[in-house]
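Visitor: Could you take me through the salt bridges in this one, up close? I'd like to know who pairs with whom, and how covered the partners are.

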Amino acid sequence: ETVGEKFKDQLEALATTLEEGQTTFVRCIKSNPEMRPGYVKRKEVLEQLVHGGVVAALEMRQRGLPDRMDYEEFCGVYEMLELASTHRRKGVLMCDEDSESSRQRKKHFKVRCQKMLTNLFGEQGEVHAEFAFGHSKVFMKSHVNALLRAAVGLRQTNLAKLVQRRWRVHFGNERIRKIDEAREMLEEVRVLAKEHGVADLRGVRQALEGASSKIQPLVDTLQALRKEHDHDTKKIGPKLPSDKVAALHRVVEELCAAVDKVVQRRAEAQQLLSARLQRSMLGVVKLLERVDLLAGQCRELADVVEKEELDKCMNGCSDARAFLERLQSKDLLELKSAGPVCVDFEAEGKIDEDRISPQATALMEQAHEIVTRAEQIGDELL
């Protein structure tokens, strides 16, 4: 690559960069001859503005229509000033390019611009040369464009205030909803604790009382405000303490976690108790079979043994059977209905299966002793 080719490439790159930019005219004004910073001589500055043509250019723009915008750009900037009847169907115009020609699309923006300015300034605005419509642009006096910008700012401010009002109403409704939900959840947890028989436990009772002390005052405040303002949520919501309402979620979560932990541990203990009593029932059935076998053997010896010894063996079998039947029909069922009374539901760690029901263990040991004693009598007889 030669020096000339390199220079040519640089010129082309510079030309491309310049074409991509926009022309901007800069007027340099000397504030004072002494070149002191922060000091302005008004007379000399005004002379420079006058002799430089700046004032004349501004006067010409003021007498003409200096502000101009493409119709599409105008509709995009001032769209929120349109009336509902003249609002465009955005989906059709933006997505259906193939069905409408570019001319029809530009005409649509022009019609929108005309209706917008006519609605705002009346039909006399164009007659008095406040604005004019060209083929692709709208021309306006400076005060027209300034008024439009002010109207957009006012509309944005009003919309912001509307959103703020609605958000405050929504936020107030959320506070009311959170208080109502917390009250309902407190009642549900209280009922759940009573149904599972854990409401009187110290930890559960303290958790319920602690949650109630934080939820109930808010419930009372809400009821008083509803009565005072006749259920007007717009007035009730802002008067509710936001910090205390925000903490309700954590309060309810901690309460549910505390009660659920105890309920689950009780359910686990109940399952272990049921399994233990089921094994006891099976043990009773096997002991009854041993008693029946012994009684049958004793009856076979009725002709060869003395009546006193036979009665002693049969009485032992009867006592053992009566005890086992009472276990089967009453005692073990009562233990199941009473539940795992020997388990600390608020303790940590695994439940000891061997100590799940000491009463059942003691009853089964007594049953084994009675059956064994009857079998010893039978062995002596045999």
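**A close look at the salt bridges**

Guide: Let's start with Arg177 and Glu181, whose side chains meet in a salt bridge at 2.8 Å, N to O. Keep in mind that you're looking at a predicted model. Both residues sit in helix α8, which covers residues 142-195, and they are four residues apart, about one turn of the helix. Neither partner is tucked away: Arg177 has a relative accessible area of 33%, so it counts as partly exposed, and Glu181 is partly exposed too, at 39%.

Now hop over to helix α12, residues 248-300, where Arg250 and Glu254 are again four residues apart, about one turn of the helix. Their side chains form a salt bridge as well, with 3.5 Å from N to O. Arg250 comes out as partly exposed, with a relative accessible area of 45%, and Glu254 is also partly exposed, at 45% relative accessibility. Back with the earlier pair, there's a bit more to add: Glu174 joins Arg177 and Glu181 in one network, through salt bridges that share partners.

The structure holds 13 salt bridges, and one of them is the pair of Glu82 and Arg112, whose side chains meet at 2.4 Å, N to O. Glu82 is in the loop between α4 (71-77) and α5 (90-95), while Arg112 belongs to helix α6 (residues 102-121), so this bridge ties together parts that are 30 residues apart in sequence. How covered are these two? Buried means under 20% relative accessible area. Glu82 has 8% relative accessibility, so it counts as buried. Arg112 is buried as well, at 2%.

One more charged side chain is worth a click, this time for its place beside a ring. Arg36 lies over the face of Tyr39, 4.4 Å from the ring centre.

While we're on rings, the structure holds four aromatic pairs. In one of them, Phe131 and Phe133 have ring centres 5.5 Å apart and planes at 65°, so the pair is edge-to-face. Phe131 is buried at 2% relative accessibility, and Phe133 is buried at 18%. Ring pairs also bring in Phe121, linking it with Phe131 and Phe133 into a cluster.

For a contrast to all those charges, finish at the nonpolar patch on the surface: Phe7, Leu11, Leu14 and Leu18 make it up, with about 420 Å² of accessible area together. Leu18 lies in helix α1, residues 3-20, and is exposed, with a relative accessible area of 61%.

Definitions and conventions
Residues numbered from 1 in each chain as written. Predicted model: local features only at pLDDT ≥ 70, side-chain atom pairs only at ≥ 80, totals over all residues. Heavy atoms only, no water. Patch = residues over 30% accessible without salt bridge, like charges linked within 9 Å, V, L, I, M, F, W, Y side chains within 5 Å. Areas by Shrake-Rupley, 256 points an atom, 1.4 Å probe, with all protein chains shown as cover. Salt bridge = Lys/Arg side-chain N within 4 Å of Asp/Glu carboxyl O. Helix = DSSP H or I, 4+ residues; strand = E, 2+ residues; numbered from the N terminus. Buried < 20%, exposed > 50% of the residue type's maximum accessible area, 1.4 Å probe, protein only. Phe/Tyr/Trp six-rings, centres within 6.5 Å; stacked < 30°, edge-to-face > 60°. Lys NZ or Arg CZ within 6 Å of the ring centre and 35° of its normal.
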